[in-house]
Amino acid sequence: MAIANVSWQHFREELLAWYRPERRPMPWKEETDPYRIWLSEIILQQTRVEQGWPYFERFVTAYPTVTVLAAAEDDAVMKLWEGLGYYSRARNLLKAARTVADEHGGKFPATYAGLLDLPGIGPYTAAAVASFAFGRQVAVLDGNVFRILARYAGDATPTTTEPGRKHFQQLAERALGEVPAARFNQAIMDFGALVCTPKQADCARCPVASGCQALAQDRVYDLPVKGKKTTVRPRYFHYLVVSDARDRYLLEQRPAGDIWQSLYQFPLVETDSVDTSLEQLIQHTDWPATLDPTRLRQLRRSGVYRHQLSHQTIGAVFHVLASHGLLAPAAPPDSPMVVPRDEFDRYALPRIITRFLEDTTLTLGF
Ligand code: SF4
């Protein structure tokens with residue numbers, strides 16, 4: 001629990017005195033346009049700033065306003081999102097843009113509660129947009145803020161439970177007090193990125209060190225306390241990279257209800273081992289009914305490509321196969337489709353597949 005003698009007034013005063021916007025320049029810094037703030041926040045969820053920055057710039061160039069984004073084709077948005085991962089964010093991005101365009105006349109709701117109602121907007125993004133764009137008195141709470149508050153207050157309440165989240169939201173509001181929320185929120189985010197960092201906190205130069213309980217108790221790296229670790233499930237994807245003499249390949253769209261929904265991929269057989277042989281794949285229930293194994297020649301088998309998601313580790317193997325006859329598309333919507341190699345750019349592919357393509361020259365030499 002929080003220690004009684006924590007001074008939040010000291011915390012907020014020292015934090016604001018330390019804050020300089022130019023210390024951490026970003027294209028959305030000091031921004032007041034709710035569309036650009038919202039867009040940057042959605043892009044930056046679970047994404048490093050260096051990775052997200054070019055995506056933000058591409059999106060605002062292609063879709064300068066929320067109404068332009070709302071009118072975009074789904075596939076075009078997914079394509080622009082390609083490589084960022086967590087594709088449900090892109091789908092929610094479109095849903096939220098269309099809700100703003102259709103139900104709010106193209107203007108974002110100006111309250112925390114109204115913003116929270118939009119698809120894909122959680123408490124953090126709602127607080128960021130409400131405070132930065134509309135000057136609402138609400139404190140942001142993300143991994144940085146959990147860490148700073150837990151350390152400053154010497155508070156070991158687990159952060160990953162719902163009661164823990166509520167407890168820290170109250171602490172964040174107490175820390176904010178009556179100072180302008182936009183400036184405070186920006187300051188605490190910069191402070192978490194530059195000073196009170198997860199593994200190398202700069203306590204020697206920290207402006208709030210004199211009131212920091214974790215420093216006084218030598219518990220800086222014991223805090224914050226997270227709840228139980230989530231288990232990570234291993235999955236093994238065997239992609240069938242089938243092509244014909246016209247350099248055309250089979251591609252299919254991923255189904256709903258699983259990772260990478262709506263993205264495109266080579267036909268996939270999922271097994272319980274990375275070592276599954278082609279003969280075993282042919283016997284598997286996932287083997288495409290329209291693919292006759294007697295007309296295929298195995299050219300090579302890739303190494304294992306790994307991809308870490310929050311709850312799953314994917315191990316992917318690419319089986320490169322040549323078809324003796326020309327490929328014929330199956331009836332939609334179950335496809336696979338037949339796509340020339342030089343048209344792959346039109347399809348949003350999971351990062352694990354683009355990595356394979358970058359490593360490979362898919363010229364089969366008929
Ligand atoms: S003294 Fe260290 S642990 Fe405490 S708030 Fe400052 S940087 Fe973080």
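**Pocket, cavity and ligand shell**

Tutor: Helix 9 supplies 5 residues to the lining of the largest pocket, which is the largest share; a helix here is a DSSP run of H or I with at least four residues, a strand is a run of E with at least two, and both are numbered from the N terminus. This is a predicted model, in which local features need pLDDT of at least 70 and side-chain atom pairs count only at pLDDT 80 or more, while totals for chains, interfaces and linings use all residues. Residues are numbered from 1 along each chain as its sequence is written, and side-chain values use heavy atoms, with hydrogens and water left out.

Student: What makes a space a pocket and not a cavity?

Tutor: On a 1 Å grid over the protein atoms alone, a pocket is an open set of points with protein on both sides within 12 Å along at least five of seven lines, whereas in a cavity a 1.4 Å probe fits but cannot get out; lining residues have an atom within 4 Å of a point. The largest pocket holds about 1400 Å³ of space, where a volume is the space filled by probe spheres set on points that are joined across faces, edges and corners.

Student: Which residues line the largest pocket, and which elements give two or more of them?

Tutor: The lining has 43 residues, and Q46, D142, G143, N144 and F146 lie nearest the centre of the largest pocket. The elements that give two or more are helix 2 (34-44), helix 8 (123-134), helix 9 (143-153) and helix 11 (181-194).

Student: How many cavities does the search find, and what lines the largest?

Tutor: Over the whole structure there is 1 cavity of 30 Å³ or more, and the largest cavity holds about 130 Å³. It is lined by 16 residues, with R151, C196, C203, C206 and C212 closest to the centre. Helix 9 gives the most to this lining, 3 residues.

Student: Where is the ligand, and what surrounds it?

Tutor: The ligand takes up the space of the largest cavity, a statement that requires more than half of its atoms to lie within 2 Å of the grid points. Around the ligand are R151, V195, C196, C203, C206, V208, A209, C212, L215 and V220, each with a heavy atom within 4 Å of it. By class, this shell has 9 nonpolar, no polar and 1 charged residues.

Student: How do you know how many disulfides the structure holds?

Tutor: A disulfide is counted when two cysteine sulfur atoms lie within 2.5 Å of each other, and the structure holds 0 disulfides.

Student: Why is C203 called buried, partly exposed or exposed, and what of C212?

Tutor: Buried means under 20% relative accessible area, exposed means over 50%, and partly exposed is in between (1.4 Å probe, protein chains only). C203 is at 26%, so it counts as partly exposed, whereas C212 is at 13% and is therefore buried.

Student: What is the phi of D247 and of W260, and how are these two residues classed by accessibility?

Tutor: D247, in the loop between strand 1 and strand 2 (248-253), has a positive phi of about 60° although it is not a glycine, and its relative accessible area is 30%, so D247 is partly exposed. W260, in the loop between strand 2 and strand 3 (264-265), has a positive phi near 55° and is also not a glycine; its relative accessible area is 6%, so W260 is buried.

How values were computed
Nonpolar A, V, L, I, M, F, W, Y, C, P; charged D, E, K, R; others polar.
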